[in-house]
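Please work through the exercises below with the sequence and the coordinates at hand. Each exercise opens with a task and is followed by a solution in steps.

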Amino acid sequence: MGELEAQIQNADVLNAPIDVSKDFEDYANTFYFADELASFDPETGKGTVKYRRYNFQTSQAFNNMLMKPNPVPANEFPATEYEASPELPFEIQFASDRAIRIKMATGPQFHNQKESLMLIDGTAPNHPEAWNYSKIEAGHEYTSDHGKVEIITKPWHVKIYDAEGKLLTSTIHTSDVANTYTPVLPFSYVRRNSDYSRSMAAVFSLEPNEKIFGMGESFTQFNKRGQKVVLWVDDANGVQNETMYKPIPFYMSSRGYGVFMHTSSPITVDVGKYFNAANNMMIGDDEADLFVFLGDPKDILDEYTNLTGKTEMPPLWSFGFWMSRITYFSEDEGREIAANLRKHKIPSDVIHFDTGWFDVDWRNNYEFAENRFEDPVDMMEDLKEDGFHVSLWQLPYFTPKNTLFNEIVENDLAVKDAKGNLPYEDAVLDFSNPETVSWYQNKLKKLFDQGVDVFKVDFGEAAPGNGIYHSGRTGFYEHNLYPLRYNKAVAELTKEVKGYSLIWARSTWAGSQRYPLHWGGDAATTNTAMAATLRGGLSLGLSGFSFWSHDVGGFVTKAPEDLYRRWTPFGMLSSHVRSHGEPPTEPWLYNESFLQAFRKADNMRYELMPYIYAQAKESSENGLPMMRALFVEFPNDAGSWLIDNQYLFGSDMLVAPLFEEQTERDVYLPEGTWIDYQTKKVYKAGWHTIEAGEIPIIALVKDGAIIPHIKLAQSTQDMDWNEINLKVFASEDTNSASGKLFLPDGEELQTISVSKKGDEFEVDENPLSGQTTFKTEWVK
């Protein structure tokens, strides 16, 4: 992609992200502020809210033009037919004892969409029995073991509390901001004068020191407080700007709650940027369907993924090293790469062929180029015998020169425009059409039958915003859903044919986490891009995704040697790892010193495979990210909420990459005692300047943790799981330790415990007796 140029952000060009906040700033529009609860049935949770009509009006004061909302009468004719202050639907449900659902509508809903692709079962559960109702003087109250919800009649509020009675957040009424000169939009909706369409602004309070995280793979500052985030799937053309390949309409707060905005319409969230006490969720849809989850970060992620789906556990070999560049062009090249990986003893499990495995580079027709791949079936069989799986690139766009273009258009498999033509020059597969999905999956199945193991699900961000889709909806609703449909089509076929769920995808929406796995897009080959990559991964992990990867060394140009050397162990201590980008990416093409450094980092990963595999299993079962922000494990440690350049790799290892050409860095350690994985030095909680070990990264292990290791092998296929080395990281005063273990083809995640006996640690009991044996090693 070196010859391509990216678009300038925020320009009004093809596929520029839709920022609906502009409609809430246009004083030509009409605004309706939620004012009072007009009716409510506590048994059904259904009622109505009365809205007051406002227009923004200007006034001049000492050479400043001011603008504020003023109440206005109806302006429709005939006046007898339309309400100036409409009473519109409001509903509260309870998906669990931690999950509150608030549904609002700006008008009658005549569509009949019963199921949502974003929800794991199509619909959300409703458990009113999990909450106790009582009438209170100001309105209505529901309580559970985990919190309380108050619905205040006038002025209308929904107030959410934790189990101790602390107010977490509340809807904002216009009376709440009467004490400021700033014209703050309360919970409301806008009616556009241009076309009479409506969009909801769900406005909630932000408290002092509150921090907001998530909303997808965001590369900007980790804490979203003070930012405006546009949730519209976009080819971000890098990892250092505000747009996202993977926006997710979900966030969590440091106060102990999370919010899922259940819609596929464009959303703009002003997280206290305009007014620092208001979190304004401007939802493109004419409805607001919000789920609020209560608890610590782990509780919130568990609840959110109970609703939208847990990440499936991918196969063991996917956790091995993926070797790639843009691109390998032939069978000979693929075989040569595999041979060199084994020759240079670079443990690896996947060879990826990117954009050049067909006749014309980038022209995807699902066929190996006959003049460059003499026998792809034979090639893949030979690679499989040597412990390699094959990954192939493809994308859902078809240029007019593609041999499949006419077939796609003639069979109505592409997205249309309002006239019935193509919106673009390319044909874009319409995954809302079951016939398109079937056609597409048949193409992929033939390649699976030849021996392919996984597909790179690239692009997917350019579904026409003005397109007309088979679903009957426009791109306003289908654009953000497109990656989810795309991910689903490939993952479900892979599961059906291969028996496992695995893709390598770039674009997502809420629910895409069900279909592992996703990588971080086209990073520059710079220190700042490496740091932004980590922020994006942490942010995506706080959006329900267990597994995530990135292009080791960066993508856009040849990686500088020092950067590649430091990025490599960061990749090796991620859930999945791939070297990819402009050549050379192969470590033996740098120099002997670099090759040795790469090999050491790779060897570390392969020896850590029992730890990685067990942590992956636990993460997938609980909606947790493998690469997790410190506060996920340490929510009561105030410092943990401030860190965005370190992470926990699973529950027991803390990792601090080197983002500059240096051998040490400042590291923040949460509560407890930590032991350096490489140097064995012991540290207490707080800030430390720590020197990296022989491998250029800082990794520490929590005191009292077992990190299971396995004998080094050149592929996961050759690993011997009959003996596991339990490395016990324990300070002198620690008398017991524990860790997790999950065997390939195992049924359950196991906890292994050891106790100190003299100068050694011994296993208390082997729950895997007959399947594997343990050797213990006290690391000190």
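## Exercise 1: a hairpin and its central strand

Within the hairpin formed by strand 17 and strand 18, where 6 residues lie between the strands, Gly 272 adopts a positive phi near 70°. The model is a predicted one.

**Task.** Determine which strands pair with strand 18, and whether the residues of strand 18 are buried or exposed.

**Solution.** Begin with the hairpin partner: strand 17 (residues 267-271) pairs with strand 18 in the antiparallel sense over 5 bridges, and in this pairing Val 269 stands opposite Met 281. Then turn to strand 12 (residues 198-205), which also pairs with strand 18 in the antiparallel sense, here over 6 bridges, with Val 203 placed opposite Asn 280.

Next, sort the side chains by direction: Ala 278, Asn 280 and Met 282 point one way from strand 18, while Asn 279, Met 281 and Ile 283 point the other way, and all of them are buried. Because 6 of the 6 residues of strand 18 (residues 278-283) are buried, the strand is largely enclosed by the rest of the structure.

## Exercise 2: two helix pairs

**Task.** Classify the arrangement of helix 7 with helix 8, and that of helix 9 with helix 10, and describe the residues at each contact.

**Solution.** For the first pair, the axes of helix 7 (residues 527-541) and helix 8 (residues 561-572) come within 11 Å and cross at roughly 10°. Angles under 35 degrees count as roughly parallel, so helix 7 is roughly parallel to helix 8. On the side of helix 7 the contact is made by Asn 527, Ala 529, Met 530, Thr 533 and Leu 534, which meet Leu 563, Arg 566, Trp 567 and Phe 570 in helix 8. Sorted by class, this contact has 6 nonpolar, 2 polar and 1 charged residues.

For the second pair, the axes of helix 9 (residues 592-607) and helix 10 (residues 609-622) come within 5 Å and cross at roughly 55°, and helix 9 and helix 10 are therefore oblique to each other. Here Arg 605, Tyr 606 and Glu 607 in helix 9 meet Met 609, Pro 610 and Ile 612 in helix 10. By class, the contact of helix 9 with helix 10 has 4 nonpolar, no polar and 2 charged residues.

## Exercise 3: backbone geometry in loops

**Task.** Locate the cis peptide bonds that end at Pro 78 and at Thr 327, and then examine the positive phi angles of Asn 237 and Tyr 366.

**Solution.** Start with omega: the peptide bond from Phe 77 to Pro 78 is cis, with omega near -5°, and Pro 78 belongs to the loop between strand 3 (64-71) and strand 4 (87-96). The peptide bond from Ile 326 to Thr 327 is likewise cis, with omega near 10°, and Thr 327 sits in the loop between strand 20 (321-323) and helix 2 (331-343).

Continue with phi: Asn 237, although not a glycine, has a positive phi of about 50°, and this residue is found in the loop between strand 14 (228-231) and strand 15 (247-253). Tyr 366, also not a glycine, has a positive phi of about 65° and lies in the loop between strand 21 (350-353) and helix 3 (376-385).

Finally, consider accessibility: Asn 237 is partly exposed, with a relative accessible area of 30%, whereas Tyr 366 is buried, with a relative accessible area of 5%.

## Exercise 4: the surroundings of a loop serine

**Task.** Establish where Ser 501 is placed, whether Ser 501 counts as buried or exposed, and which residues are in contact with Ser 501.

**Solution.** Ser 501 is in the loop between helix 6 (475-498) and strand 26 (504-505). Its relative accessibility is 2%, and since buried means under 20%, Ser 501 counts as buried. Leaving aside neighbours within four places in sequence, the contacts of Ser 501 are Glu 312, Pro 314, Pro 315, Ala 491, Lys 495, Arg 514, Tyr 515 and Pro 516.

## Exercise 5: the overall fold

**Task.** Decide how the radius of gyration of the protein compares with that of a compact globule.

**Solution.** With 780 residues, a compact globule would have a radius of gyration near 28 Å, and the 27 Å of the protein agrees with this. The C-alpha atoms fill a box of roughly 85 × 70 × 55 Å along the principal axes, and 62% of the 780 residues count as buried. The secondary structure comes to 11 helices and 42 strands. Among contacts between residues at least 6 apart in sequence, 68% join residues at least 24 apart.

Note on methods:
Residues numbered from 1 in each chain as written. Predicted model: local features only at pLDDT ≥ 70, side-chain atom pairs only at ≥ 80, totals over all residues. Heavy atoms only, no water. Axes fitted to C-alpha atoms, helices over the stretch in contact; angles between N-to-C directions. Helix = DSSP H or I, 4+ residues; strand = E, 2+ residues; numbered from the N terminus. Parallel < 35°, antiparallel > 145°, perpendicular 65-115°, else oblique. Contact = heavy atoms within 4.5 Å. Nonpolar A, V, L, I, M, F, W, Y, C, P; charged D, E, K, R; others polar. Buried < 20%, exposed > 50% of the residue type's maximum accessible area, 1.4 Å probe, protein only. Pairing = 2+ DSSP bridges. Rg over C-alpha atoms; globule rule 2.2 N^0.38 Å.
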